[in-house]
Amino acid sequence: GTLALLSVSSIFLFASFKKKKEEKNGKNKNRHRRVSFTSVGLGLGSFPPEANVKEPIINTAVYFDNNNCPLTKDVAQMIIKPLLLGYERLSHIPDLKNRTYRPTTRPTTGGENGSIIDPMDLIRILAIKGDETLTNDTILEHCQDSLGEGRGDLPWWEVLIIRNSGSGPSACVIRIHHVIGDGLALVAAFDKLLTNEDGTPIPSSSVVFRSSSGSSSSSSNNGEKKKKKGALLSTVWSLVEATVHCLTLAATKYDDDTAFSKMNHSKMKHSGKRKAVIFPTVPLEFVKRLKTAGGVTVNDILMTAVSQAIHDYCKLQNDEVLKSKGTSIQCRGLLPVGFPRTQEELSQSHTAMRNGWCMVSCDIGVGHSNVEDRLRHVHAKTMEMKEKPRAYMQLKIQNNLGPCIPVKVGQQTVFDTFSRHSLVLTNVPGPQGRVLFAGKKVKAVQLFFDNLLTQVDLISYAGGVYGNIVLDEEQLPNSEVFGQLYVGALVELAKVLDVDVPSEVKTFVS
């Protein structure tokens, strides 16, 4: 068994290194990159049809004061047109059978920069009158509107403009089918379109980039050679362990049936009913002070707050599993891990958009009753994720092994993996300062993703951390408390770590 796993690991590594070498030598420079199997799977549907999960759509909502929503023509010319001209996947149609993109059959108009469809065709407008809750309810209501086939051969994305004439904010929702690309690709694209309040370009997000060339050095020192040999053996073994973990994840034990996770089982299906609970916005600087005091990362702090909120929710539901199992409870999250790409990749129309990501399993320590113990548990688990190449091997397996198995088998494997977990948790860094979208000041941001599992999406913007949890309210009654429980966890951490709590945060828990 070990020999077979070593062989698999070696094949993946050899294929990866060979591809990189060919690209470095220029063999693939003029050839369009084939669509990855990850993208194909997202286009065909990641889950079996009986799970009733609709299209995977990334909904990025940017909010404006209700009298300051961008003009429709400005969205068309300042946002949609540059994206159509700049990115093949945003102007073309997925051809999943041939793992490529084809031109649309719709009428196009040409120009010196290329031929594109009418940008107005990718805009829908809704008029509402109400408060902020109505704005968010309207966004969620349209989160699963189809972007795939049956739309007159339009590219698989759109901008939904929600104009609110009431007391609540208006919003532009950039809705992109996940087959087009992942969060890192989209961040890089929108970095080029957003501007600072004075109209100057915003800094590119450093999380997206990696060096396009490796560094190497030679040494005749025997001690160095022994160290390298030991490091190689350690690397090979870690790849074996990671391969075993990835190949067996879909057969691991189901998470415990707490009040939060009880709906996750082998027969689970999407009910078609979802509710979004918006978390109170907390200052990013407050989270960073907690991070420094705890000697951990911002992500650790936010994951701990989510874990504590789930723990406290289970307590409010008088959860017998929580009472009986305590710290031994298994409650795992699936965390999307994106792989950085080079400036060269991001500069080319046919390579900038891609799905270079995978899900990594992480136990979030819901059973701990002490918030500091919870933080240490989460930090240990995230450090393990960074030190072990599980994400790397997961991506290699799904892109190299995936095409070799029937679609139904692949979908069932994804379902078996998801149904054994309790939630999906994402945390995305956004612009550090206030920005303009189509010439108008962005007041706030949110990410919404309707998944098979309960999903928590967090995003930072202009010094604040925004977030929400999308859930089935019939399965999770009294869910409106999650926002207050999330902030209450951060306040509890502040007490333990001796960090001052900002007055605006105190108001959320008083």
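The paragraphs below lead through the cavities of this structure, which is a predicted model.

Within the model there are three cavities of 30 Å³ or more, and the two described here are the largest one, with a volume of about 50 Å³, and the second largest one, with a volume of about 40 Å³.

To find the largest cavity, one can begin at α9, the helix that spans residues 298–316, since the largest share of the lining, three residues, comes from α9. The helix α15, which covers residues 482–497, likewise supplies at least two residues of this lining. The full set of residues around the largest cavity consists of Phe 260, Phe 279, Val 306, Ala 309, Ile 310, Leu 423, Val 456, Ile 469, Phe 482 and Tyr 486. In character this lining divides into ten nonpolar residues, with no polar and no charged ones.

The second largest cavity is found by turning to three other elements, namely the helix α7 (222–248), the strand β11 (357–363) and the helix α13 (390–400), each of which supplies at least two residues of its lining. Following the chain by number, the reader meets His 245, Cys 246 and Leu 249, then Met 359, Val 360 and Ser 361, and finally Arg 390, Ala 391 and Gln 394, and these residues line the second largest cavity. Here the lining divides into five nonpolar residues, three polar residues and one charged residue, whereas the lining of the largest cavity holds no polar and no charged residues.

Methods. Residues numbered from 1 in each chain as written. Predicted model: local features only at pLDDT ≥ 70, side-chain atom pairs only at ≥ 80, totals over all residues. Heavy atoms only, no water. 1 Å grid on protein atoms, 1.4 Å probe; cavity = no way out; pocket = protein on both sides within 12 Å on 5 of 7 lines; lining within 4 Å. Points joined across faces, edges and corners; volume = space filled by probe spheres on them. Helix = DSSP H or I, 4+ residues; strand = E, 2+ residues; numbered from the N terminus. Nonpolar A, V, L, I, M, F, W, Y, C, P; charged D, E, K, R; others polar.
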